[in-house]
Amino acid sequence: MLPTKQMSVQLLRQAFNSSQPPPRMWRSHELKERYDVVIIGGGAHGLACAYYLAKEHGITDVAVLEKSYIGAGGSGRNTAIVRSNYLTPEGVRFYNESVKLYEQLSDDLNFNVMFSQRGHLTLAHTDGGVNTMRRRAEVNQIEGVDSRLIWPDEIKRLCPYLDVSDHPRYPILAALYHPPGGIIRHDAVVWGYAHQADVRGAHIHQNTEVTGIKVKKGKVTGVETTRGRIKTGTVLNATAGWASTITTMVDIKLPLTTIPLQACVTEPLKPFLDVVVVSGSLHVYISQTDRGELVMGASVDPFSSYSMAGSLTFLEGIAGHVLELFPALSNVRILRQWAGICEMPPDYSPIMGFTPINGFLIDVGWGTYGFKASPIAGKTLAELIATDKTPDLIAPFRLSRFEENDLVGEKGAASVGH
Amino acid sequence: MRTEQDTLITPNRLHPKEGEVIDRATTIRFTFDGVEYPAHPGDTVASALTAAGVQVLSRSFKYHRPRGLLCCSGHCPNCLVQIGDEPNVRACTRPVEAGMEVRAQNVWPSLKRDLLSLTQLGSRFMPVGFYYKTFIRPQKLWPLYEHTLRHVAGLGEVHIDTPLGEFDKQYLHTDVVIAGGGPAGISAALGAAEGGAQVLLFDENPTLGGHLRFTVPLDSSSTPEVSKDLPELLEAANQQPNIAVFTDTSVLGWYQDNWLCAVKGTRLFKIRTKSVVVATGAYEVPLIFDNNDLPGVMLGSAVQRLVHLFGVLPGKQVVIVTANEDGWDVAADLQSLGVNVGAIVDEREPNACSSPYRDGLVNAGVPVFYRHTILEAIGSNAVRGAKIARIDERAAISPTTTQSLNCNLIVISMGWTPATELAYMTGGKSEYNEECAKILPVSSPPGVYVVGRASGTHAVDSQIAEAHQIGSTAAAFAGSGEVNKLTAQSSGTLEPRRTSDRVCVPGNKKRFVCYCEDVTDEDVELAIAEGYDSIELLKRYSTISMGPCQGAMCSMNTIHLCARANDWTVQETGTTTARPPTTPVTLGALAGQNMEPVQTTPIHQWHLDHGAAMMVAGLWLRPNHYGDPAAEAMGVRERVGLIDVSPLGKLQLTGPGVPELLERIYTNRWENLRVGRVRYGVMCNDEGVVLNDGVCAHLNDETWYMTTTSTGATTIFEWLQWWLQSGWGEGIHLTDLTDVYSAFNLAGPQSRAVLEKLTERDLASKAFPYMRIRSAKIADVPCRLLRLGFTGELSYEVHCPSGYALHVWEALMEAGREFGIAPFGVEAQRILRLEKAHIIVGQDTDAMSDPLSANMAWAVKLDKPDFLGKPSLMRISDEGLKQLLVGFKMADPDVVPDEGLQIVEPDADGRLKIIGWVTSSRFSPTLAAAIGLCWLPPELASQDGAPFTIRIDGHLKEARVQHSAFYDPDGERLRM
């Protein structure tokens, strides 16, 4: 049974009785003195965790603290690509669970997140690239993920606007085709999770910035915020690009580099690009939203920064690379560029779970691949919080792997990770 | 082609007048949706269509409502059309050209009768965000729903055969950039130029002058100083040698360190400046009322643009809705042209109006409704009337006072909002100023200044005076870098309030806040009530300001609505972030010319002439083969072959510091490398991951010659530079000789015999052993010879000056003819090296591979004092390997597993567990076997002959570990 009315019923009710205010998606609350669990970061990860804590484990005394508005960070700045065709078996298994959750998410959240599994193409421009794609396809297939190597005639069929001609600089030799991959309405994921977490009792506190974390005898006892103090024994740091600023508060150093990642969007166009197209060699990924805009992104900036201003270099580079792939787009106009902040671990894999401080948990190191993991990250961390045990699925991503020299090796793909 | 009438009439064209930009002597023709229309050179597409009486130019995004000209300045979405292959063209600013084919966008079946406008009937079920609440179940149908949604969305079309246009870029360097060439901008340019600065003045319009181009006062006696401002300013700017003017050029963005970008058609300007003056003017703000999007509802400045620049009057019966003197200016302007001004509806008290034209208009019998505003635009496809009502003492609308006025043009002149996107990008701060009901810039970083309407100053004489002063301040800053705090910011001259804070008149029809996305004020209220209350959430949920206008038309009104609904002040509500580009810019202009040319070697044409199949290798094109790679490989094994390896990275290092550098960047030992010797080395990064490999030769006393992989040439040059510049550079000079030298590998048992014919150098093994370098003249060209063995045969790498490369190549081919020489390509080389189990960095290794695991422990000297990657490699050495790279041979010689295939082991449940993968594989013609290299768990890899299984097309095939090289394991043939 659903805890809330069908959204479509609400819509009808609103249509016929607009004088009555609509139900709020999430409410405002006073900060309580104490919460069982405090989640720092009101993005898709933090809100998903709050939701699964309530739904799967009955833990509802939860505060989600967001320094700005919900979804202000990476959740609202990514290019909304969802896929599971990773390189390592650990990565494939983990993201495959995420895709499965995404497939059910509209129904689960009673909110249409518009998950559009329109297929995902990763192009290979060199024979080395073809080998890497084959390597991924094989790992994917062994792990039960729909993924295969395809050749220019099939690529052309799936994406007629791609230039698969024999042009010399970046010829398209093959592609990794991943039919379940696609795009989603990223903000809707945030709002849907926020709504359902709120319905189940979690408190979402926007404009509430964490300024300190209280630790006594190696155990978390509370957090300090711009709106006051909260007592709690469990804190989850789910702050993506700003994760190291939070862990610094408890003197934990993480092997993370903070780098901006940029993206841009064009004016709306009639639909012509069905699949998501990625080129590692050209550092570009591009898709067309349901509104008709082309959303595109590149690899991370070449240097560390917290700046979200964006650069001209990015725009020039991505425009050139998009035209390499789609020469017919030279008259298409860029409407807006933006940037988000990524924290990249050395093995391009997340860091999740326990830390040396009792009660201080992390969900960090999400680099350029965090949004697509939101449901499964939220779900597994909720399980970890509820059971005090690391679920098998995320055991490879534990913090101690760096001490144990047991890195995950997603970096081996050596290409842009979208 | 269909022509509407035989005589192409232009009912809305006025008589010629001064200041217009059209050439009436010439008439050209173009088509709109297949119908031919006349135009004059100088017309925009929209002005010509308006002259011909066309009012509906587009349909709205969601409800497909008819839309006509609104802003006429390229800032709203209402005139977006498709012109040929170009989608989303702003018809109001695009100059019309003879033969242009203009089409309406996103209409079905036609602009006039767009059936998708029926969606309005269901609009109560489609409020803001309706798609989040519908199409959820049954989930299986979502792809179908989505398909439909997708096909009704979008605007212009991309045609698949659109040719890639020609674009270019230009770099500009200057002292002061002025963005915006209105009165303030020109004046600031003059101030800066007179202060000695070099000035670049940019304006998006075809001519300078800003609003003075179309707001010329009618009665020069009333404000005589204004009427001569523009010619004077233009003349002064023209005379000033320090000012360079760029018209039709939009400044797109400000980036860190005063790095600006502007575009003029197909050319992108990249500008470095010391100082910036933002003189971008203001947007006129629409009023939100019932049917406020009806064609025929236009902003005052839009009407004045049409009238003065193009001699086009968009309607003959006019109602003017205003809250300031600007509305009266428009009324007087139209009146002087003989237009019937049906009414002036001014929300102010009579005594608040101080327009110099008031008496004239009133005396001429123009009805004036003070304390009134508009309730509704009447009409279905175009304005047929206006419903107005009185504003009562509590500032509310009194419904009993409603009356209708006949008209076909409603002019909205409610106020302005500064165009401060550029100022925002610089990091400037803005605050809401209650007195003038505007968000005004209050501070900006050093060297950035805001003037004119962008800073809130409207009076032309004040603009000119302030901007001149700030121009000289900007020049001073550019000269000295000093900030004069007192004049760093034009503060917005206090003047009569020009902007009403009444943004929305309630009613019972649709009232649009956002024209791009069809968002109404009720949508905004609903979204806020649902919890999307902050301006940022409201934007993302309603998509207000995310369409083609990027907020130019809707931001200010949205902020007011958001503030009211939340009971916040405008200041508390805040703004969303302005992001580049300020004006949408084509991918072509951003990309410019393709600056990634393909690199070819000096032998390229020879390769083509000899039937080479070329392949991309890094930046280069290389021969993959000349027809039969297996035969090429056998030719090398049995006789002699020649391969062009010119793309190899070639670096020369000179100086006493080189040995120590080599010790640090390679994993093996270098200080003991004597002159004339060559050594193989592996480079790692700090993580101990293999970056590159190659050889380095000690050429003479203080000179070393290094080669890198072809694909890694640039990276390694940069890598070395990085370290040289980070403290390891003392006594070292590094030169990239990659293009200076070409290189060929002459390989095979007969290679010595071939080379001996072309040189006097003693090539006998005793004089020139394996892994040595010698200088020698080959075919009279001074070359460097390296005796190496990547192919496993006796071989000489000939490095010659690239200018003589073809000569040397042809001489070698000629000398080898009697020995059966043949050229060989990359594919044959790969076979040959694989038979020797030599690795290729990047193919057999990836971004996680260390040299110990890659079975190259012999090339890692952990007892060296220090080298890049040592700590990581020490640790790997201590803790043991996780994987090992080894050779394998297939049980079935005819089954060659593709590179990238996985090595698996079924577990207890029969599920496959991945234990390794194939990095290289080939059929060896020499051994008649399928061989390769693969990663395996060390315990398996360490057993020579151990069997394992590779998954090929879903089937498991057996292979066995092989430790020794497949061919000539003792390396005797190298040392022949």
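Good morning. I begin with one residue: B:N258 is buried, with 20 other C-beta atoms within 10 Å. Burial here requires 20 or more such neighbours, so B:N258 meets the cut-off for a buried residue. I should say at once that this is a predicted model.

Where does B:N258 lie? It is found in the loop between β11 (250-255) and β12 (259-264) of chain B. Its phi is near 50°, a positive value in a residue other than glycine. Most residues other than glycine have a negative phi.

A second residue may be set beside B:N258. B:R371 also has a positive phi, of about 50°, although it is not a glycine. Its place is in the loop between β18 (368-370) and β19 (372-378) of chain B. Is B:R371 buried or exposed? With 19 other C-beta atoms within 10 Å, B:R371 is partly exposed.

I turn now to the peptide bonds. As background, most peptide bonds are trans. In chain B, the bond from B:R137 to B:P138 is cis, with omega near -5°. B:P138 lies in the loop between α2 (130-133) and α3 (142-152) of chain B. A cis peptide bond also joins B:P580 and B:P581, where omega is about -5°. B:P581 is placed in the loop between α15 (570-573) and β29 (585-586) of chain B.

Let us now step back to chain B as a whole. How many helices and strands does chain B have? The chain has 25 helices and 48 strands. Its radius of gyration is 38 Å, well over the 30 Å that the globule rule gives for 976 residues, so chain B is more spread out than a compact globule. Along its principal axes, the C-alpha trace spans about 115 × 70 × 60 Å. Buried residues nevertheless make up 55% of the 976 residues in the chain. Among contacts between residues at least 6 apart in sequence, 68% join residues at least 24 apart.

One helix of chain B deserves a closer look. In α24, residues 870-879, the buried residues include B:K870, B:L873 and B:I876. These three cover an arc of only 125° around the axis, which puts them on the same side of α24(B). A general point helps here: an α-helix has 3.6 residues a turn, so residues three or four places apart point the same way. Which residues are exposed on the other side of α24(B)? They are B:R875, B:D878 and B:E879. Just after α24(B), B:G880 takes a positive phi of about 95°.

Towards the start of the chain, B:G19 is found in the segment before β1 (28-32) of chain B. B:G19 is partly exposed, with 14 other C-beta atoms within 10 Å. The C-alpha atoms of B:G19 and B:A467 are separated by 25 Å, and these residues are 448 apart along the chain.

Finally, I come to a pair of helices in chain A. The axes of α2 (residues 44-57) and α6 (residues 186-199) of chain A come within 8 Å and cross at roughly 35°. The crossing of α2(A) past α6(A) is left-handed. Which residues of the two helices meet? From α2(A) they are A:A44, A:L47, A:A48, A:A50, A:Y51 and A:A54, and from α6(A) they are A:V189, A:V190, A:Y193, A:A194, A:Q196 and A:A197. By class, this contact has 11 nonpolar residues, one polar residue and no charged residues.

Thank you for your attention.

Definitions and conventions: Residues are numbered from 1 along each chain as its sequence is written. Chains are lettered from A and ligands numbered from 1 in the order in which they are written. This is a predicted model: local features need pLDDT of at least 70, side-chain atom pairs count only at pLDDT 80 or more; totals for chains, interfaces and linings use all residues. Helices (H or I, at least four residues) and strands (E, at least two) are DSSP runs, numbered from the N terminus. The radius of gyration is taken over C-alpha atoms; the globule rule is 2.2 Å times the number of residues to the power 0.38. A residue is buried if 20 or more other C-beta atoms lie within 10 Å of its own, exposed if 12 or fewer, and partly exposed in between; C-beta atoms are placed from the backbone. Two residues are in contact if their C-beta atoms, placed from the backbone, lie within 7 Å. The arc is that of the directions from the helix axis to the C-beta atoms. Axes are lines fitted to C-alpha atoms, for helices over the stretch in contact, and angles run from 0 to 180 degrees between N-to-C directions. A crossing is left-handed if the near helix is turned anticlockwise from the far one by less than a right angle, and right-handed if clockwise. Ala, Val, Leu, Ile, Met, Phe, Trp, Tyr, Cys and Pro count as nonpolar, Asp, Glu, Lys and Arg as charged, and the others, Gly among them, as polar.
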